[in-house]
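Reader: I would like to go through the labels used for this model and hear what stands behind each one. Please set the values against the cut-offs.

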Amino acid sequence: MFSATAKADNLPAAEGSASAAPVPAPTTAPAVSAPASTEGAKTPPAETNAAPKPPSMVFKTQADGTGSFHFPLAGSKKSLEVFTYQPVGSDATTPVIMVMTGVDRNASTYRNDWIKVADQYHFRIIVPRFDEQDFPGSYGYNLGNIQDAKTHRRLPKSQWSFALVNDIFDALRLQGITSQTQYYLFGNSAGCQFVHRMLTLLPQPEVKAAICAAAGWWTLPDTDQRWPYGLRESPVKVTQSQLGDYFAKPILFTVGANDDDPENRLLRHSKQAMAQGASRLERAENYFTISQQQAELNNLPFNWHFVVLPDIGHSGSKMSVYAAGQFSHFEQQHEFNP
């Protein structure tokens, strides 16, 4: 059933991200403190006893449970817009799902797609919007904003979109919005590209479990291929120990059985991407197989699952419904049930 390689979406220059519809005047919760970045920080004068307070953000929630806030970006006056949903009866103990959008980066749409299932399974939904202006193209989003797209020089870690996901969660914890010590991570299409690279390069203990759906192309967990199709010359060195942590993480990889169109306009058709397979379906199968082989070759624990969903094409909303049920099962049984 499996062949060999990986796949990915070709990101257009323009993003079709939707913004939230106007809502009644919000009720405002206490300010959320964002974690201070230590990268490049100067040693304070000897007479300074307390570190400067980190920037704060206001967490707004509407009567219908939808909300948003702006997370300050380190080293600039800019901020990252984050869309949220919390079902009735939510409190600090409610499990958190961080949702990564597809190519359109339409965070409000993804948030809305999760409302019904969040009510059903009682999850708090957090959806960052990595807009095209501040996180341009595949380098800014799919590849984690680790490198400058023009110079390929590595950017400070505080600017990596990969790192910002954890920073947002840590800020919610610091404010007491959540008492959870870990979160669930979901990504569809370009968001799946984001998720699997984030967990490859920066294995995160804060991630309890992840679901990665229908990536267009992949970064293989070996050094046979040059970055970004493999780990050779990657901007962040990945050790064998890191790969072990990645393979041991509970992750469910999924793709629709009908997501098999080799001519899809968003599908990347570079030589390296085509070597991973002709369609998202083939590329997902190959990525999983190659990863499993790598784990077995190096005697590493492997805690991943792979499932092809029948009668589903390339659909973020349908993948979200499936993922919600799987996260609910994991929350109860501590394992997926694909």
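Reader: Why are helix 3 and helix 4 called roughly perpendicular to each other?

Author: In this predicted model, the axes of helix 3 (residues 161-175) and helix 4 (residues 190-201) cross at roughly 85 degrees. Angles of 65 to 115 degrees count as roughly perpendicular, and the two helices are therefore given that label. Their axes come within 9 Å.

Reader: Which residues of helix 3 and helix 4 meet?

Author: Ser 161, Phe 162, Val 165 and Asn 166 of helix 3 meet Phe 194, Arg 197 and Met 198 of helix 4. By class, this contact has 4 nonpolar, 2 polar and 1 charged residues. The four residues named from helix 3 also appear among its buried residues, a list that includes Ala 163, Leu 164, Ile 168 and Phe 169 as well.

Reader: What makes helix 4 and helix 5 oblique to each other?

Author: The axes of helix 4 and helix 5 (residues 240-248) cross at roughly 135 degrees and come within 8 Å. An angle must be over 145 degrees to count as roughly antiparallel, and 65 to 115 is the range for roughly perpendicular. The angle here fits neither label, and the pair is therefore oblique. On the helix 4 side the contact is made by His 196, Leu 199, Thr 200 and Leu 201, and on the helix 5 side by Gln 242, Leu 243 and Tyr 246. This contact divides into 4 nonpolar, 3 polar and no charged residues.

Reader: How do you know that the span of helix 1 agrees with its number of residues?

Author: Helix 1 (residues 107-121) has 15 residues, which at 1.5 Å a residue should span 21 Å. Its end C-alpha atoms are 20 Å apart, so the two values agree. Helix 1 nevertheless bends by about 40 degrees at Ile 115. Helix 3 also has 15 residues, and it reaches 21 Å, close to the 21 Å expected.

Reader: Which elements cover the buried residues of helix 1?

Author: The buried residues of helix 1 include Tyr 110, Arg 111 and Trp 114. Among the elements covering the buried residues are strand 3 (66-72), strand 4 (79-85), strand 6 (124-129) and helix 8 (316-333).

Reader: Why is Phe 71 called buried?

Author: Phe 71, in strand 3, has a relative accessible area of 2%. Buried means under 20%, so Phe 71 is buried. The C-alpha atoms of Phe 71 and Pro 128 are separated by 9.1 Å, although these residues are 57 residues apart along the chain. Over the protein chain, buried residues make up 54% of the 338 residues.

Reader: What makes His 152 partly exposed and His 334 exposed?

Author: His 152 has 43% relative accessibility, which lies between the 20% and 50% cut-offs, so it counts as partly exposed. His 334 is at 63%, and exposed means over 50%, so His 334 counts as exposed. His 152 is in the loop between helix 2 (137-140) and helix 3, whereas His 334 is in the segment after helix 8. His 152 has a positive phi of about 65 degrees although it is not a glycine, and His 334 likewise has a positive phi of about 65 degrees.

Reader: Where is Pro 228, and what is the peptide bond from Trp 227 to Pro 228?

Author: Pro 228 lies in the loop between strand 8 (207-213) and helix 5. The peptide bond from Trp 227 to Pro 228 is cis, with omega near 10 degrees.

Definitions and conventions:
Residues numbered from 1 in each chain as written. Predicted model: local features only at pLDDT ≥ 70, side-chain atom pairs only at ≥ 80, totals over all residues. Heavy atoms only, no water. Expected span 1.5 Å × (residues − 1). Bend = angle between axes of the 7 residues up to and from the residue. Buried < 20%, exposed > 50% of the residue type's maximum accessible area, 1.4 Å probe, protein only. Contact = heavy atoms within 4.5 Å. Axes fitted to C-alpha atoms, helices over the stretch in contact; angles between N-to-C directions. Parallel < 35°, antiparallel > 145°, perpendicular 65-115°, else oblique. Nonpolar A, V, L, I, M, F, W, Y, C, P; charged D, E, K, R; others polar.
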